[in-house]
Amino acid sequence: MRLTKEKLSSFYQTMQTIRLFEERIVDLYARGQVPGLAHLYIGEEAVATGVCGALNKADYITSTHRGHGHVIAKGAALNPMMAELFGKVTGYCKGKGGSMHIADMDEGILGANGIAGGGLPIAIGAGWSAKWRKTTQVTACFFGDDASSNGTFHESLNLASLHKLPVLFICENNGYGISVSQAKCTPIKDIASRAVAYDMPGVVVDGNNVVEVYKAAEKAVKRARAGEGPTVIECKTYRWRGHHEGDPNQGGRYRTKEEIQEWKEKCPILQFEKALLKEKKATKTQLDEITRATEEAIDEAVLFAKESDYPSIEEMYKDVLV
Amino acid sequence: MREITYCDALNEALRECMTEDENVVLLGEDIGSYGGIFQVTKGLQDEFGAERIVDVPIAEAGFVGAAVGAALTGMRPVVEIMFIDFTTVCMDMIINQAAKMRYMFGGKGSVPMVLRTNIGAGRGTAAQHSQSFHSIFAHIPGLVVVAPSGPYEAKGLLAEAIKNDNPVIFVEHKRLYMTKGEVPEESYRIPFGKAEIKRAGEDITIVATHALVGASLEAAEIAAKDGISVEVIDPRTLAPLDKDTILTSVKKTGRLIVADEGHKTCGFASEITAIAAEEAIEYLKAPVIRNASPDVPVPFSPPLEKAFMFGKDEILESIKKVIAYA
Amino acid sequence: MATEVVIPMLGVTVEKGKVVEWLKEENDSVEKGESIFVVEADKVTTEVESPATGVLAKILLPPGEEVPVLSVIAIITDPGEAMPAEYLGEGGRAKLAEPASAAEPVKTSSPVESTGVTGSTFSGPIKVVPAARKLAKDRAIALQSVCATGPGETITHKDILTHKDTGKTEQSQNISTLARRKAEAEGVSLDGAQGTGVRGRVMVADLAGGKLPATQTLGQGRAAADFDPEFGKVIPMDGMRSTIAKRLTSSAFTAPHVAFYSDIHMDPLLAYRKAILPQFEQKFGIRPSVNDFLLKAVALTIREYPMLNAMLKDDEIHVLPSINVGLAVAIPNGLVVPALTDVDQQGISETAAQRKELTGRALKGQLTLEEMDRGTFTVSSLAQFDVTFFTSILNPPQSGILSVGKTRDELSLNDGAVIVKKVATMGVAVDHRIIDGVMAAGFIQTLKAKLENPAFTFMHC
């Protein structure tokens, strides 16, 4: 499988957008401009980018509490995203959802989700829906390593496999459920091995390698569209920041500095950049230009969010029911 | 008019809606060839096929969540939870997902699904198959909660529930499944948020739900012989609630009894009582009485279960108590 | 079955009570609901009804001895029933309740519950359904005057609908046992007897020719002063005296007091009163005292200084909505402060009527707790004594009290000529925690201005 320069360049742009967006949130959160909880995706950009790179606009994703990367990769616009994080009326959810609930039906984003494991059944519902409506849409369901301990994971894999639903189960294994390491949560080494119990393929990929993630996802998408059923893809990766902004010392109470540093050296963006330059798929100038333009877009998003109004109090009473 | 059972009325509504709209699908345990534990889906799988009438594994969170996802992406799924007791294992999907999506997505997306289930003691099924905690759902903004009291209501409200764009908790009642009543053959819808005055009266207002509507009407008939005029109101939907009809009646009669099978503490009966206290206190001529289930789990032993339950006689007692306040 | 008779719970703050008088003797037949003794607690006397029908077999507590409320003080047995052994012999004494239990609403065999609306002198809360309360308010019907027919003697909606203003029919039932007995003994007709008790109850004192001074009632049974050779005369503190002691001590040590005085020129008010008296009496049938004008002027001044109508509760200052001015009334055994309600909104005639009625009953020991608790400011006058000026201790939890000294003659210069002026020195003491000196000074100065220009002050009264 050969990837075009355009595709590779778009991966770089998506990963860089996620990274710079999140780095800006770090700053805004520290300044008290972004309220609530911010669960950042820095270090895991290759997963969302690789998976969503294999999807069409009409396909669906369900996301998690750590969802900024997923929705950016699936096509969410920066201005309404940033405004939502500020709690402004111009945000994706009119300021009523916030960081953990960004959704965009037009882009097939069925919502980030504040409940660990909460997105899995919804994803199979979307998959089932496509089957009932006889479309070729697939649904990619992102969840963390420890969500696989939840009953919804097992119920969903079982139902999806039983009914051969077009779903990709994307396990983002960053090694920790908040502060508890995977080893303390489950006796198994690879979450993907759980796929065996439900008679579906389960693959493990380097979650910091965007091309590898993309290739696995593309294969799973083909299988899903062909009506052959779901796949589990486990992407081994790492979150650089704490569980959320404010987690002391970026999770220093349960992770060593050495461990964090080790993973930073495996930065998915730097690795990808080196490979692109080495294989001459892009020039340094081109990449720098992408970075500069992304910075500019984020500056604009922050300005847009700051200048937007908060929702009126009357807005509180709207949208409870249709 | 012909008379059919509550169960058949529900079946008829499902059949009509499935015929009319192919996006209506049914998910539930044993709803296929078995026809559902209470036979509500009897014959539907033969008619519409196993793709649309799906027997699911015992995985309530999984298939209720699947209904949420399907509803969010264009389907109109109807799920059956065998007993309301089992909704506890899929509460996240109901309360955190279905009820919240439209609001937390800022008015984008909708979840047009129906969750059918049932309440009611009296069948010797003890503490995990007899509960009546429908009020819990009425506590949650973003859900419609329906309480059909008879066959006519069952058909018209279920048709409305399926066509409504909100997540609907459709709470049936075990003891009513076999009761018969007049039901039109043609399809019809009963609007949500509109109570029905089942019997007009001047002295006492009874707000009753489910099987207690019938019990209240019987009690009202007996009270009438003593010259006591009782008005019986069936709210039909607990959320949205038709407060106007209830308050208008309470302001007229000045005496309120609420009859609901939920537990007494923090239940639907308490809610109606609180509304009267908050918005019609100066019209009250007597204490408000809640006829509700005792605050204990439903016991198994027949004499205990009998003592747990209440109906016409207890409502009559309440009528006597409030009418003593002239 | 034997029924225990107890000193009833008379209010949440009442801890002790004593029998002033037994209205029945041992071995008398008693009817349930019939008054059998008079209790005094916290300055108030109340007739208590029998909790059962039968024979008053044993009186365990003689008049005059103070005991905790809920103490068992008598036994009623069925006719022919023997006395329970525990009350015979040495056991024939009152069974004292735990004093601390006063704070808890214990259900007892006492008739307290049922006395709210039946015309007894007990003044518990009146039970009334909300719709009736609203209707009574709309029709200006006093709930105290309504006959309750609902469950637990609750006033129902219909009770208000069918209510006629207190007529003779009701009054005929509202006669104290003692008064009825005395009337019968003396062959006096009770028809038309004007009751001065709570809710128009005819008391002994109301009987023509049967005047029984209230002081005697109050004094009866008071524990005799004992003589101790070492310390001289020992006087046990009774309910009223210990209440006064407790409240004033608490007030003096809780609220930092500060007082402000001013000399008030009284000639204008005295002349004004004299000028309007004949027509006033003719029109309203009541003779207003100087105090009535004073109470009214105080209320009007409080309107301008609402902090004087406030009280400190924990960390909050509560400014009260009604201006209820209490008037300290000296009675033979101490001092009581019944409060006139809404004085700022009433005409002088109403103020006078309220004052007259309340002081009248105060002297008879017939005030209700509510009448003494509702005050928001107090006026204490010693004008009848040769006291030039004095300070008062705040009546807790109030924040202001006015002391009124005698009106005296003073020489003064008027256009170079020496004239005689009537002057009274008044002082306001305030709770310095919530009222600053400037405000208190403003208050007394405004009051002075009002009293010295009565024609304007009472223009609309």
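How many bridges join strand β12 (residues 310–313) of chain C to strand β13 (residues 316–319) of chain C, and in which direction do the two strands run? I began my notes here, keeping in mind that the model is predicted. I found four bridges between β12(C) and β13(C), and the two strands run antiparallel. Within this pair I noted that C:Lys313 stands opposite C:Glu316 of β13(C). The two strands form a hairpin with two residues between them, and in the turn I read a positive phi of about 50 degrees for C:Asp314.

**Entry: the sheet that holds β2(C)**

I then turned to an open sheet of four strands in chain C, whose order is β5-β4-β2-β7 and whose pairing is antiparallel. Its edge strands are β5 (44–49) and β7 (66–68) of chain C, each of which pairs on one side only. Going from one strand to the next, I noted a twist that averages 40 degrees. Inside this sheet I looked up the pair formed by β2 (residues 16–22) and β4 (residues 35–41) of chain C, which four bridges join in an antiparallel arrangement. As one example of the register, I wrote down that C:Glu21 has C:Val38 of β4(C) as its bridge partner.

I also checked the loop that precedes β2, between β1 (3–6) and β2 of chain C, where C:Val14 lies. Is C:Val14 buried or exposed? I count C:Val14 as buried, because 21 other C-beta atoms lie within 10 Å and the cut-off for a buried residue is 20 or more. I noted as well that C:Val14 and C:Asp42 are 28 residues apart in sequence, while their C-alpha atoms are 6.6 Å apart in space.

**Entry: the sheet that holds β1(C)**

A further open sheet of four strands in chain C has the order β1-β8-β6-β3, and here too I recorded antiparallel pairing. At its edges stand β1 and β3 (29–30) of chain C, each with a single partner strand, so that one side of each is left without a neighbour in the sheet. For the pair β6 (residues 54–59) and β8 (residues 72–77) of chain C, I found four bridges between strands that run antiparallel, and I noted C:Thr77 in β8(C) as the bridge partner of C:Val55.

**Entry: chain B and its helix α3**

For chain B I recorded a secondary structure of twelve helices and 14 strands. Of its 326 residues, 58% count as buried. I also looked at contacts in chain B between residues at least 6 apart in sequence, and 79% of these join residues at least 24 apart.

Does the length of helix α3 (residues 60–72) of chain B agree or disagree with its number of residues? At 1.5 Å a residue, the 13 residues of α3(B) should span 18 Å, and the end C-alpha atoms are 18 Å apart, which agrees. Because 13 of the 13 residues of α3(B) are buried, I describe this helix as largely enclosed by the rest of the structure. After the helix comes B:Gly74, for which I noted a positive phi, near 110 degrees.

**Entry: nonpolar cores**

The largest nonpolar core has 211 residues, and those with the most contacts inside it are A:Leu168, A:Ile170, B:Val145 and B:Ile206. I followed B:Val145 further and, leaving aside residues up to four places away in sequence, found that it touches B:His134, B:Phe137, B:Ala138, B:Ile169, B:Val171, B:Thr237, B:Leu238 and B:Ala239. I also recorded a second, separate core of 77 residues, which includes C:Leu61, C:Ala97, C:Ala255 and C:Leu447.

**Entry: contacts between chains**

Between chains A and B, I noted a contact that takes 34 residues from chain A and 34 residues from chain B. On the side of chain A that touches chain B, the elements that give two or more residues are α5 (119–132) and α6 (151–162) of chain A, and the largest share, nine residues, comes from α5(A). By class, this side of chain A has 18 nonpolar, ten polar and six charged residues.

The contact between chains C and B takes twelve residues from chain C and ten residues from chain B. On the side of chain C that touches chain B, α1 (130–138) and α2 (157–161) of chain C are the elements that give two or more residues, and α1(C) gives the most, with four residues. This side of chain C has five nonpolar, five polar and two charged residues.

Conventions
Residues numbered from 1 in each chain as written. Chains lettered and ligands numbered in written order. Predicted model: local features only at pLDDT ≥ 70, side-chain atom pairs only at ≥ 80, totals over all residues. Contact = placed C-beta atoms within 7 Å. Nonpolar A, V, L, I, M, F, W, Y, C, P; charged D, E, K, R; others polar. Expected span 1.5 Å × (residues − 1). Buried ≥ 20, exposed ≤ 12 C-beta atoms within 10 Å, placed from the backbone. Pairing = 2+ DSSP bridges. Axes fitted to C-alpha atoms, helices over the stretch in contact; angles between N-to-C directions. Core = buried A, V, L, I, M, F, W, Y, C linked by C-beta atoms within 7 Å.
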